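Q: Could you take me through the enclosed space inside this protein, and what sits around it? I'd like a close look at that one part.

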Amino acid sequence: MTNLRAIASTVAFALVLAGGGLVQLFAQTPDMLRSERRQLAAMPALSSLVDQGWMEGFEDFVADRFPGRDGFRALKAFTVLKAFRQSDLDGLYLADGHAGKFEPVNVASATRMAEKIKIVAAGLESQRLYYAIVPDKSYYTSRNFPGYDRLLVHQLLSERLSDLTEIDLTQALNLDAYYSTDLHWDQSRITPVVAALGEAMGFDASYTQTLQSLTAGSFSGVYASQLALPLLPDVMTYLTSASIDQSTANYLNPQTGLFEPAPIYQLDLFEQLDPYNLYMAGSQPLIVLENPAATTERELVLFRDSFGSALAPLLLPAYRKITVIDLRYLHIELLDQYLQVPPAADVLFVYSSQILNNSDTLMVPIR
């Protein structure tokens, strides 16, 4: 009887694989995995057959094209997180109504990031230098995941960035400040962050109380894509005012080296693959924001990652000009071509814990 069960299980498994292979053979392959927001894995080159990595590459190639992939991914997530009630699936979790992914602080990467910030700051004339880290939202869950460690980050950075003023954002945020299905913060809920920056940097942030909230629509974030579970979507809203509406944005075109005007909030991009690109067109090397209605001559240079896309517009009422720089897409050696920092300008480095753990993405060589 035991042998029959074993044989039946083996045959059933073989039929599933064979059936999936046949369907895969004749089914039309999509251009990309939209639910996972990425391109399909490519067939590894035949020249890599001598490399043991070829089989791993081939497995990824086949798995990305397997029929019903999303269904199997959802079944796995449901089994691990719901049926077996495990705390996470390879770091992905569901807690307090939020989906997320925790990641402990990478000490080596955080140390390199501090050195890179120090190198950039040393090349600027400004004496008003600040930095702030955006905690991963797992920091605010009730599960106490082994992720962001505020005290450790403070120790690693403050020792190396003594010439900069640290701005602690942990008290200005909570779990609801982040989208429930995505890693990013919700712009409509980060006015306390603007207030914390204003207190440290010396500008009046009371204008945030009169900002108008507009709705772009509902969306499902990156964690909903990674878990493949039917999670309730988030609603993306954006904040504006007469001052923000009158402001202009010029984006550096890396191909031509020229600046091109475009809206601050690009609503047409909300309907595309990454809705968060609504904020200043997502991944951009350098953007110059100018507020002609400003009652001040203050300037800000903001070094940022994707979290800064939602933050920068909210700082416009406090500044005449904001230069927004993403060193993941602009090499430090090119800064002098596009950036002149007045000595009285504010310089602010705002990076998320994701960049803290992946500081090699910043194009700042450590000498």
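**Around the cavity**

A: Strand E5 (128-134) and helix H5 each give at least two residues to the lining of the largest cavity. Helices (at least four residues) and strands (at least two) are DSSP runs, numbered from the N terminus. Keep in mind that this is a predicted model, where local features need pLDDT of at least 70, side-chain atom pairs count only at pLDDT 80 or more, and totals for chains, interfaces and linings use all residues. Residues are numbered from 1 along each chain as its sequence is written, and side-chain values use heavy atoms, leaving out hydrogens and water.

How many cavities of 30 Å³ or more does the structure hold? There is 1, and about 90 Å³ of space lies in the largest cavity. A cavity here is a set of points on a 1 Å grid over the protein atoms alone where a 1.4 Å probe fits but cannot get out, and lining residues have an atom within 4 Å of a point.

Now walk around the wall. Tyr-131, Ala-132 and Ile-133 are among the lining residues, and so are Tyr-148, Arg-150, Val-153 and His-154. Glu-166, Ile-167, Asp-168, Leu-169 and Thr-170 also line the largest cavity. Sorted by class, that lining has 7 nonpolar, 2 polar and 3 charged residues. (Ala, Val, Leu, Ile, Met, Phe, Trp, Tyr, Cys and Pro count as nonpolar, Asp, Glu, Lys and Arg as charged, and the others, Gly among them, as polar.)

Next, look at what H5 packs against. Helix H4 (residues 107-122) meets H5 (residues 150-158) at an angle of about 40°, and their axes are 9 Å apart. That makes H4 and H5 oblique to each other, as angles count as oblique when they are not under 35 degrees, over 145 or from 65 to 115. H4 passes H5 in a right-handed crossing.

Finally, follow the loop between E5 and H5, where you'll find Asn-144. Asn-144 isn't a glycine, yet its phi is positive, about 55°. Is Asn-144 buried or exposed? Asn-144 is exposed, with a relative accessible area of 68%; buried means under 20%, exposed over 50%, and partly exposed in between, with a 1.4 Å probe and protein chains only.

For a contrast, try Met-280, in the loop between strand E10 (258-261) and strand E11 (286-290). Met-280 has a positive phi too, near 50°, but Met-280 is buried, with a relative accessible area of 0%.

Key: Axes are lines fitted to C-alpha atoms, for helices over the stretch in contact, and angles run from 0 to 180 degrees between N-to-C directions. A crossing is left-handed if the near helix is turned anticlockwise from the far one by less than a right angle, and right-handed if clockwise. On a 1 Å grid over the protein atoms alone, a cavity is a set of points where a 1.4 Å probe fits but cannot get out, and a pocket is an open set with protein on both sides within 12 Å along at least five of seven lines; lining residues have an atom within 4 Å of a point. Grid points are joined across faces, edges and corners, and a volume is the space filled by probe spheres set on the points.
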